[in-house]
Structure formats: structure tokens, C-alpha cells
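Subject: Structure for you to look at

Dear colleague,

I am handing over the structure we spoke about, with the sequence alongside. Please open both before reading on, since the notes refer to them throughout.

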Amino acid sequence: MEILKIVESLKDEVYSIYNHLHSIPEKSWEEYKTSEFIKGKLEEAGFNVTANVNNTTGIIAVLKGKEDGIVYSVRADMDALMFNVDGAEKAVHACSHDANSTMALAAALAVAKKGIKKGTLKMVFQPAEEVLGGAESMLESGLLSDVDEMVGIHLRPIQEAKLNQATPALSHGASGFMNATIKGLNSHGARPHLGINAIDAGAAIVNAINAIKLNPSVPYSVKTTKFIAGGSAPNVIPDKAEMVFDMRAQTNEAMEELIEKTKQAIINGAKTVGAEVEVEHRGGVPGAAHDKDVVNRTREAIIEVLGEAMDPIITPGGEDFHYYSTKGNIKTAYIGLGADLTPGLHSIDMVYNKEAILTGAKIIAVAVDSRLNS
Ligand SMILES: [Zn+2]
Ligand SMILES: [Zn+2]
């Protein structure tokens, strides 16, 4: 049977999977029920499933073809977001990871039904995308070292794509943070010349940060997001300050330059008043680094389902998916799928057209089928 017809025949099951996943939103790293449910479905379909990957809720499931060939992977994320509702912490699927998981799982079930001629399908259901640790954790397991190509999928807000629109190259930017701990010298407010004011150092740093310039052809930004100092007594020159800076750049090369310039701005800013500073780069994610061929083949899959494909969507948000390419050396494409989603991802009031779920399942199924069954 043709793969699209198989997905269509699974329609009722696809929506019952979605409804179930939607009803059990779970916090990052704690996707126990979600993982258990997905594992059951994959095992039923004949996948060889490894659960608790790297001591997490992650799942890696393998379906081998009749002949050896490339290892093609589909990745979905499983975690929900935490919201404070009426004073209580509550997990809500407000980033569509329930839909992302459903689309990937539905495609896996369809491919399993048809079978694979040549090559291997490796499904990855990762935990903790929202806190940006899940992808690295899956890579650290070593179970993805043989993966040649990987696709991911995520619903997009209506501003980026409408229902029945999709891109094979969702291009997130790189993000990162820099911590600065400033050490000055205490003194009496009447004798400031005997001290080094950590607030003066921080002010000089803020100015130096705001003066950073990169090539404007690549979008970037850096800004101060935390500045805590002084306040112990009104007549004491403070000797300590804590600062945090948020950095964004649309390419990984621009991000490297931004990290270096931010570091220098902090050190030089502190130096202007003679303060010492400790700088620490932490967190963040790499930007998209997609493979041209994988993107082109994924574009063909979108065209087969929707008739046409969108150009790359450039989005400033971050995604830990891009560790699979930058750290894992896997050739990737990332599908951004429209669903008339409003008002936006990470909104507790988010709504979208559920038709997109079947569409997304079809696109992934065609992408896998055309790669492993042609
Ligand atoms: Zn999110
Ligand atoms: Zn998300």
C-alpha cells in the first residue's frame, strides 16, 4: 500500500494518540507516562525499543529493513511547560510537543506497517527540550552514533506559517548566557576614593555591552538581564555585583564572535574602574546547521503532501535539536509546520487546527518511506 494511504487509514488511532498525550502533560525530565505510552505503541508495531535512555525518560526505537543501508532518524520532543494556575504549578502542553510526538509516532506506525526495504529507521523521543538538556543526553547515550540523517518537526505560530504550509528548514538562532561576578573594594560612603564601586563597574560593563557591534547582515543581540548590587547600607560603597547577559545570534559563527566580544566587554568594563571580574559562559543552544541534501529531500516530501513547500523560516527562538548536527555530526532537516496556531507557542491559551497533526504525520512518513523504500 502507498504510505499516504496507510497514514490515512490510521487517522482514528492518530487522534486517539494525540488526545491521550494531550491529557498527560509532564514536566521536563519527568515524562514518565508519556514515555511509557509511546514505548508501548512502538513495541506493538514491532520496533526494538530502548527505554530510559541515559537514565532519562528518553526512548530510542529501531526498525530494521530487509537490507542494510543508511540509518535514518526521526526525533520528537515529549515535555510540557510548567505554568502557575490559580497558585498551583501545572504542566500544560503549550509548545505542541504532544502534537510533535504524535506526528512522529504516527509516521513510525505507518512505516512499520509497510516495512522497510533498505536501511534502518531510528525513532528518538527525547525528554527535556524546554530546559535544553534532552538532545545532549540522547547523544551521550552513544545510541545515535550510527545515525546518518535526522528530521524533526514542530508546529509553528500563525505568524510564521498557516495551516497547510510547511518548511523543511526551520532555522532557529543560537542562544547563550554569560554570568559576571564583579569584585570591587568596600569603603565608607564619605571616602569613595578608598574603595572600588562594583556598581560603577557594572554601569561601565552595561555601556560596553551596548556598544558591541557585529556584521549587521546576520541578526544578533546582547543585553543585560540581571544586575544585582549594593543595598546593604546607604553609606557603604558596594564591593560585589552579579550580572547576567543574554546573547542571541542567527548563525553559530556570529555567536562565537558575540561570545568573545561580550567577554571582552565585561572584562574591559570592569577594568575602567579597577574592579576584578569573573566571567562564565553557560547554557544556550547552537543555531540551526542543516544539511542541504536532507533539506531538499524533506522539501520533496512536503511537496508530495501539500503541493508546495515554504522557504526556510528564520526564527529567533532556540531549540536543542541542533545539537544533533553540531555535536552529533548528524545531517539534519527540521520541518516547521503551520497549523493556524494562535496566539503563540508557550501561551497557556494556545489553540491550533488539529488537521495539521495528520498532515505532519504524512510528511514524515513520506520522508522516511522515500529514503528507506526507494
Ligand atoms: Zn517550547
Ligand atoms: Zn517546542
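What follows is a short account of a sheet, its pairings and a helix that lies across part of it.

Please keep in mind that this is a predicted model. Its seven strands form an open sheet in the order 1-2-6-3-7-17-8, and the pairing within this sheet is mixed. At the edges stand strand 1 (48-50) and strand 8 (166-167), and because each has a single partner strand, one side of each is left without a neighbour in the sheet.

Starting from strand 1, you will find that three bridges join this strand to strand 2 and that the two run antiparallel, with Asn48 standing opposite Val62 in strand 2. Strand 2 (59-64) is in turn joined to strand 6 (118-126) by six bridges, again in an antiparallel arrangement, and here Ile59 stands opposite Phe125 in strand 6.

Strand 2 is also mostly covered, as five of its six residues are buried. Helix 3, which spans residues 32-44, lies across strand 1, strand 2 and strand 6, and runs at about 10° to strand 2.

Elsewhere in the sheet, strand 3 (residues 67-77) and strand 7 (residues 149-157) run parallel and are joined by four bridges. To locate this pairing in the structure, you could look for Tyr72, whose bridge partner in strand 7 is Glu149.

With best wishes

Conventions
Residues are numbered from 1 along each chain as its sequence is written. Chains are lettered from A and ligands numbered from 1 in the order in which they are written. This is a predicted model: local features need pLDDT of at least 70, side-chain atom pairs count only at pLDDT 80 or more; totals for chains, interfaces and linings use all residues. Side-chain values use heavy atoms; hydrogens and water are left out. Two strands pair if DSSP finds at least two bridges between them. Contact means heavy atoms within 4.5 Å. Axes are lines fitted to C-alpha atoms, for helices over the stretch in contact, and angles run from 0 to 180 degrees between N-to-C directions. Buried means under 20% relative accessible area, exposed over 50%, partly exposed in between (1.4 Å probe, protein chains only).
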